[in-house]
Amino acid sequence: SVTVFTLHLKSECELRQVKCEYCNTTGSYRWISSSHEEECPGYPVECPNHCETGHVRREEISVHLEECPLAVVKCPYAVVGCDSVVRRREKMDHVMGSVVQHMEYTMLTNQKELTVLEEELGRVKQDLQ
């Protein structure tokens with residue numbers, strides 16, 4: 001009957017056209033509910049760090065990870081030798097609790113750089129004589 005066919009077309013047919021509720025892309029129900037969800041930029045995905053934010057739009061996950069309090073980050077003093085990695089929300093506690101060690105790393109790095117510069121200056125002086 002027409003009613004059964006109409007019902008099928010509107011709510012049961014896997015080829016009926018629907019809009020993705022997350023990004024408004026239009027496609028067949030079969031595609032939207034299966035493969036499209038795997039790539040939809042608006043689809044909510046869980047933070048890989050399982051932070052309190054919960055779900056984030058897929059297209060925003062990289063931005064979220066740059067701010068995620070549970071992301072693992074290097075100590076800002078890594079450039080002078082600190083090899084600690086901590087969760088972003090614990091970074092300031094680490095920095096404040098390691099001031100002496102960080103200053104030692106900084107002094108050693110500065111001494112090494114000073115030695116290199118002094119050697120280079122000595123070579124330049126020799127070349128000028």
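**Figure 1. Cys51 is a buried residue, at 7% relative accessibility.** The view is taken from a predicted model. Which cysteine holds the sulfur closest to that of Cys51? It is Cys47, and the two sulfurs lie 3.8 Å apart. That distance is too far for a bond. A pair counts as a disulfide within 2.5 Å, so Cys51 and Cys47 are not joined by this rule.

**Figure 2. Cys20 faces the sulfur of Cys40 without a bond.** Is Cys20 buried or exposed? Cys20 is buried, with a relative accessible area of 4%. For the sulfur of Cys20, the closest cysteine sulfur belongs to Cys40, 3.6 Å away. This separation, too, is too far for a bond. How many disulfides does the rule give? The count is zero. A disulfide would be a covalent bond between the sulfur atoms of two cysteines.

**Figure 3. His102 sits in helix 6 and is buried.** Helix 6 covers residues 99-128. The relative accessible area of His102 is 1%. Which residues does His102 touch, leaving aside those up to four places away in sequence? The partners are Cys75, Tyr77, Cys82, His94 and Val95. Two of these partners are cysteines, Cys75 and Cys82. Another partner, His94, is a histidine like His102 itself.

**Figure 4. Six helices and six strands build the protein chain.** In what order do the elements come? From the N terminus on, they run α-β-β-α-α-β-β-α-β-β-α-α. Helix 6, which holds His102, spans residues 99-128.

**Figure 5. The protein chain has a radius of gyration of 29 Å.** A compact globule of 129 residues would come near 14 Å. What box do the C-alpha atoms fill? Along the principal axes, the box is roughly 105 × 40 × 15 Å. Take the contacts between residues at least 6 apart in sequence: 8% of them join residues at least 24 apart.

**Figure 6. Surface and charge of the protein chain.** What share of the 129 residues is buried? Buried residues make up 22%. Cys20 is one of them. Cys51 is another. His102 also belongs to this group. The protein chain exposes about 9,700 Å². Carbon and sulfur atoms supply 55% of that area. The charges number 14 positive and 21 negative. How far apart are their mean positions? The two means are 5 Å apart.

How values were computed:
Residues numbered from 1 in each chain as written. Predicted model: local features only at pLDDT ≥ 70, side-chain atom pairs only at ≥ 80, totals over all residues. Heavy atoms only, no water. Buried < 20%, exposed > 50% of the residue type's maximum accessible area, 1.4 Å probe, protein only. Helix = DSSP H or I, 4+ residues; strand = E, 2+ residues; numbered from the N terminus. Rg over C-alpha atoms; globule rule 2.2 N^0.38 Å. Contact = heavy atoms within 4.5 Å. Areas by Shrake-Rupley, 256 points an atom, 1.4 Å probe, with all protein chains shown as cover. Lys, Arg positive; Asp, Glu negative; His and termini not counted. Charge placed at Lys NZ, Arg CZ, Asp CG, Glu CD.
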